[in-house]
Amino acid sequence: MGMRVVQVSFFRDRMGRDPEMLLRAWPTLSDVAEAVVHAGADVVVVQAADRDTTVERNGVAYHFVHDVCAPLPGTRQCHVLPRRLVHRLQSHGPDVVHVHGFTAPIATWWLQRAMSSTPLLVQDHGGIPARGWRRAIAARCYRGVSAVSFTDQEQARPFLEAGIVRTDVPVFDVPESFSRFTPGDRGEARRRIGVHGAPCIAFVGRLNANKDPLTVLEAFARASGSLPDPHLWCCYGEAPLLDLVDRRIAEDPALRGRVHLLGPLPHADVELLLRASDFLMLGSHREGSGYAVLEGLACGVTPIVTDIPSFRRLTDEGRIGSITPPGDAPAMARGLREWWDVPLDVRRQQALTFSARELSLAAVGRQLRAMYETVGCGQ
């Protein structure tokens with residue numbers, strides 16, 4: 001019998017969507033599981049939910065389990081202790097348990113307590129270390145984990161310094177997920193989505209302080225005078241900085257008529273936009289991984305992004321794209337100009353080759369399985 005892994009998520013959907021809708025809304029939940037199946041392991045997913053349901057898809061059983069609030073032992077405080085979820089998990093006899101996220105320390109502690117003989121690893125999904133009194137609780141609750149995983153090992157440092165992760169715990173660097181996007185035909189994508197530019201540049205992400213669209217706009221404006229016919233196409237959902245972005249565009253002749261605010265797009269249209277683009281520009285100050293970069297690379301797009309740990313990992317330390325300090329518009333502008341001078345076929349092939357080797361379904365599955373085997377053998 002092969003290795004059996006149970007992946008578990010304690011994060012409950014606040015919208016209360018049914019399982020089929022939730023699997024569409026949270027593609028990472030199924031993508032990560034299917035990547036491991038592709039690598040030859042037996043995978044079961046246990047997901048906290050508002051109702052009990054089981055869904056089977058592409059070789060993976062997804063168990064949606066409802067747990068009720070219960071008092072924490074030794075206190076009068078009420079927490080959701082995953083007794084039913086743990087019971088379901090135990091019934092599958094896993095060799096390794098993979099917990100998604102550092103968001104549920106008490107539930108993770110309860111799981112460790114119930115399955116003390118089974119290796120348990122926690123994968124980060126863009127979290128930040130707990131603060132104040134919650135930090136002490138998190139440190140206590142995660143004390144027994146067997147291993148942790150981040151997109152880049154540098155992201156573990158704040159958790160180690162905060163004492164939430166023990167310094168002797170193995171730290172793996174594995175991407176959070178992969179993208180199912182494909183490169184397609186660039187010219188056809190431009191015709192279908194209605195974009196153009198030399199270069200044609202995409203911004204995909206929220207218009208908020210972390211994604212820093214204002215730095216991206218400044219970098220674009222600085223670089224535009226030395227580019228043939230640049231156009232920036234912005235796809236976004238939440239947009240707390242939209243008024244500032246609108247004002248910045250209106251005030252600058254280098255931006256007016258060249259920056260296009262598309263708003264939210266269906267996922268299929270995001271793929272077309274990335275297929276059509278030469279570059280993806282993002283000003284992020286922090287990312288767990290960077291799904292837009294994963295998607296862009298799968299389409300053959302060159303990233304013009306910030307020098308943060310996850311983006312260093314996703315750009316092969318800047319070998320297949322520009323990485324510059326967050327908030328540094330002049331440096332980002334230089335990076336854009338320099339990469340525009342690299343021939344399109346060279347840029348595109350570098351992105352696609354790296355994506356296939358390190359960030360595809362097969363690559364992520366292979367890395368996850370290797371991590372599970374290492375953790376399992378270490379017990």
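I will talk about the pocket and the aromatic contacts in this predicted model. Residues are numbered from 1 along each chain as its sequence is written. Because the model is predicted, local features need pLDDT of at least 70 and side-chain atom pairs count only at pLDDT 80 or more, while totals for chains, interfaces and linings use all residues, and side-chain values use heavy atoms, with hydrogens and water left out.

Let me start with the largest pocket, a pocket being an open set of points on a 1 Å grid over the protein atoms alone, where a 1.4 Å probe fits, with protein on both sides within 12 Å along at least five of seven lines. Its volume, the space filled by probe spheres set on the points, joined across faces, edges and corners, is about 2000 Å³. The lining, meaning residues with an atom within 4 Å of a point, has 49 residues, and Ala25, Trp26, Thr28, Arg206 and Tyr291 lie nearest the centre.

Now to the aromatic rings, where the whole structure holds 7 pairs, counted for Phe, Tyr and Trp (its six-membered ring) when centres lie within 6.5 Å. One of them joins Phe102 and Phe150, which are stacked (planes under 30 degrees apart), at 5.9 Å centre to centre and 20 degrees between the planes. Phe102 is buried, that is, under 20% relative accessible area with a 1.4 Å probe and protein chains only, at 14%, and Phe150 is buried too, at 0%. Both belong to one aromatic cluster with Tyr142 and Phe159.

Note on methods. Rings of Phe, Tyr and Trp (its six-membered ring) pair if their centres lie within 6.5 Å; planes under 30 degrees apart count as stacked, over 60 as edge-to-face and the rest as tilted. Buried means under 20% relative accessible area, exposed over 50%, partly exposed in between (1.4 Å probe, protein chains only).
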